[in-house]
Amino acid sequence: MTRFEIRLPGIMASLLPMFAIFFTLLGKPDAHAQSEFEGYFPENATFLEEITTPSEFFGFEVGERHVTHDEILFYLRHLAEQSDRVILEQYATTHEGRPLIMLTITSPENHLSLERIRQTHLLLSDPSQSDDLDLERMPAVVNLGYSVHGNEASGANAAVLMSYYLAARTGEDFESSLDEMIILLDPALNPDGVQRFAGWVNQHRSVNSSVNASEAREFNEVWPGGRTNHYWFDLNRDWMPVQQPSSRGRVRMFQRWLPNLLTDFHEMGTNSTYFFQPGVPERTHPLTPQRNQDLTMAIAEYHADALDAMGELYYSRETFDDFYYGKGSTYPDIFGSVGILFEQASSRGSAQESIHGVLTFRETIENQVATSLSSLQAARELRTDLHDHMRTFYSDVLMEASRSPVKAWVVGDASDPARLAHFTDILLHHDVDVFDLAQNLTIGQTSFERGQAVIIPAEQTRYLFLKSLFERRTEFADSVFYDVSSWTLTDAFHLPVAEVYASRFNDGLKGVAWSLDENFQIPEEGRLTGGRSQVAYLMEWSDYYAPRALYTLQQHGFRAKVATKSFTAATPVGVKTYPQGTVLIPAGDEMIDKDRLWSVIREVVREDGVNVMSLNRGLTVSGADLGSPSFVPVTMPKIAMIVGDGVRSYDAGEVWHLLDQRYHIPVTMIDKQDLSGANLQDYNVMVLADGRYSDLGSAMTEELKNWVANGGTLITLRGAVQWAASQNWVDLAYVKDSDGESDTHSPRRPYDQYSNDRARDFIGGSIFQGTLDLSHPIAYGYQNESIALFRNTSIFLQPTENPYATPLRYADEPLLGGYVSDENLEKLSGSASITIHRLGNGRILSYLDNPVFRAFWFGTNRLLMNGIFFGDTIRSGTAQ
């Protein structure tokens, strides 16, 4: 197995050998060693003397304070150098430059033939060869994963202890167990969050903690907290979308091994106990086979035994579901593995009072170690069953695929290859077979062009996973969901899709197979048609990265205009009609450096994949001429976003990520408490993500209102829309119940159904069809008025009285996929999604739905970018 080099900050890397030597020289007093591991490991456990313990390395015992990610990294690297049971690999790097590492732990003998073992294990997913495998002789592959949420620190600290235990434990039975298992240990799935949280707690902990003061600073991180990664993403929702570098690397490691068992260690509220799956039976995804749940229950017996022996309370069949395949404990279930979620009550610091008494940090780690060990025991003793499950799973999958009338899916949009490439990139990370479409194909009313679409065969081992991505499920056994209830991937990307049935399918449709490119940025270079222009260049706005290209041009000082009406022009390749939203870059002004403009034009075509046409005549064939007032100037956006306590960090982070990572457009994030000192005139676009803004204060609220009135563009998202309405900046009308009033004599309901009944009032994450006004600036670049919208809010607004000011509303029959109550579906029908309002000389753009959901809802990103670039061009058709 390849050892990847880990790059550490220079001074830390140079000090690491000295740390190791120093702590090794300290020796290992037996009494200290026993106290160090008391409560963590079995009482009779013995360990190799030559392996450095955590306390020898750190200078403190695990549980005394929070181990930082760099300390974890240094120790595990040292451990890998000491032990012939351990190999350390780096599989990704975080946004903040921290390595994500995986320890592969097994017997020295297994390490000598590790690649052969891996290849043999993967044969379980190949029905043509799996029947010949000797399951009894095959090691179980177990993936232990800790602290995907950085402020759920018991996991990462338990990982340190588990690493030592597996590297140093002695005894014939234990060493025999290493022959029977390959253990993949991921100590910190979210290094940036782990580091952020550990730093917070360590700098605010006291020697004498106030355990009964939940308001203590130690227990209350400042915004945004350590749960998320650098861009404030919840990485435990990114296993399917793989939009963050840590997730991309982690999923590749999963697919490389296909572990039999994957564990996912979390924390929950301080007053809770301990949870392990299976969870609520009715909330398991229907595509997950029953045997998966049977094995989950069998494994649960081991956790129960371990926690019973410690006198710990726990539960296992309530609260949490096993539905969304984008979560770490559910993702394995659709690949023949078994995923297990663990939730430990959190001390949030050194120790905190709970309804069960004082909960110490050490106790939380003890429980996570206990269920880590019980997981390994279960995997060892049930390994034949786990192997058989995986073998049967893939055999059944191929059998089901062969019986399906759908033989393939075709996906593509010739107008925007970038979205298709990003869509395909997700599939490739999950080892899906994808091919270029080799022939033009029309299915129903949808046509796909050769080379501009992909075809995905159904008869492959990832068939069930693909089915979960393409299906539109609207019926459910339960109305309560821990996360989203629908995630149809083609809807997320606003891509046409068609099912290919047996009568139309043949291998001749399959062209070149796509392969994964870990350095994927954009699909391919765009088209630059015509040579240098003396008049203007036209850039198509339908390309996904057109906003990035436009901003690059503006950064270089070049002016841009946008067409507000369609026109037809004679081009070097013939007469062509251009829609509203086409961007015009004037080239004829004598003040323009034409050489530099030509260079930048070629750069954006190459780097951003946009299509640009050179025109040397300003007189068009029909419609507006290039000098017409129908082409309006586009102002270079200078964007600020208010952040801080009360703002939903997920939503703010998604906007930040989109602008920073995708479009390379700077956004200044201003904390609420610093807003009064900011010069708002430095910005022309302000974004308010979902959240609470009532604490801005009257003076700052008035200043923000004046900023808008003086010509600023304010973009409000989700809950921020309601705040703007509460300030009377916009006039919104909420959708009422069908009878317009409440029933004061509701029939009695069972008290124990209260939570379920309340859940029906919420839309936790479903997909609905919207209809666009394609002539409106908010819709520039779209070619189809129908668009799939992701909704996880229960705010329902009526369209504006001004008939031109609601450019996006819901269809009359909007449900595409996911759960929604009949009452909410009725409210949603025909309601508003985006409304436009005038305040003085400025504009307020109200987005009821999140256009950048989890970074993978590519299809609606353009709605936000249009608001940013073209919001101030909306001169009419705005509500008062």
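Which side chain does the side chain of Thr835 join in a polar contact of 2.8 Å? The partner is His837. This report starts there and then visits other sites in the model, which is predicted.

**Thr835 and its strand**

Thr835 is found in strand β33. Thr835 counts as buried because its relative accessibility is 1%, and buried means under 20%. Many residues touch Thr835, even with its neighbours within four places in sequence left aside. Leu732 is one of its contacts. Thr800, Ala805, Thr806 and Pro807 are also in contact with Thr835. So are Ile844, Leu845 and Ser846.

**The largest cavity**

Strand β33 spans residues 832–839 and also helps to line the largest cavity. How many cavities of 30 Å³ or more does the structure hold? There are 6. The largest cavity contains about 70 Å³ of space. Two strands, β31 (786–791) and β33, each give at least two residues to its lining. From the range of β31 come Leu789 and Phe790. From the range of β33 come Ser833 and Ile834. Leu808, Tyr847, Leu848, Asp849, Asn850, Pro851, Thr860 and Leu863 are also in the lining. By class, the lining has 8 nonpolar residues, 3 polar residues and 1 charged residue.

**Gln722 in a helix**

Gln722 sits in helix α21, which covers residues 719–726. Is Gln722 buried or partly exposed? Gln722 is partly exposed, because its relative accessible area is 34%. Beyond its neighbours within four places in sequence, Gln722 is in contact with Tyr734 and Ile795. Gln722 and Asp690 stand 32 residues apart in sequence. In space, their C-alpha atoms are 9.6 Å apart.

**Asn143 in a strand**

Asn143 belongs to strand β3, residues 140–146. Asn143 is buried, with a relative accessible area of 7%. What does the side chain of Asn143 reach at 3.2 Å? It reaches the backbone oxygen of Leu184. Leu184 is also among the residues that Asn143 touches, once residues up to four places away in sequence are not counted. The others are Met102, Pro259, Leu261, Leu262 and Thr263.

**Backbone features in the loops**

Most residues other than glycine have a negative phi, and most peptide bonds are trans. Three places in this model depart from that pattern. The peptide bond from Trp223 to Pro224 is cis. Its omega is near 5 degrees. Pro224 lies in the loop between α9 (191–204) and α10 (245–257).

Trp232 lies in the loop between α9 and α10. Trp232 is not a glycine, yet its phi is positive, at about 65 degrees. Trp232 is buried, since its relative accessible area is 9%.

Leu258 has a place in the loop between α10 and β5 (261–268). Leu258 is not a glycine either, and its phi is positive, at about 50 degrees. At 2% relative accessibility, Leu258 counts as buried.

**Accessibility at a glance**

The table gathers the accessibility values of the residues discussed above.

| Residue | Relative accessible area | Class |
|---|---|---|
| Thr835 | 1% | buried |
| Leu258 | 2% | buried |
| Asn143 | 7% | buried |
| Trp232 | 9% | buried |
| Gln722 | 34% | partly exposed |

Key: Residues numbered from 1 in each chain as written. Predicted model: local features only at pLDDT ≥ 70, side-chain atom pairs only at ≥ 80, totals over all residues. Heavy atoms only, no water. 1 Å grid on protein atoms, 1.4 Å probe; cavity = no way out; pocket = protein on both sides within 12 Å on 5 of 7 lines; lining within 4 Å. Points joined across faces, edges and corners; volume = space filled by probe spheres on them. Helix = DSSP H or I, 4+ residues; strand = E, 2+ residues; numbered from the N terminus. Nonpolar A, V, L, I, M, F, W, Y, C, P; charged D, E, K, R; others polar. Buried < 20%, exposed > 50% of the residue type's maximum accessible area, 1.4 Å probe, protein only. Contact = heavy atoms within 4.5 Å. Polar contact = N/O pair within 3.5 Å; in protein donor to acceptor, adjacent residues only side chain to side chain.
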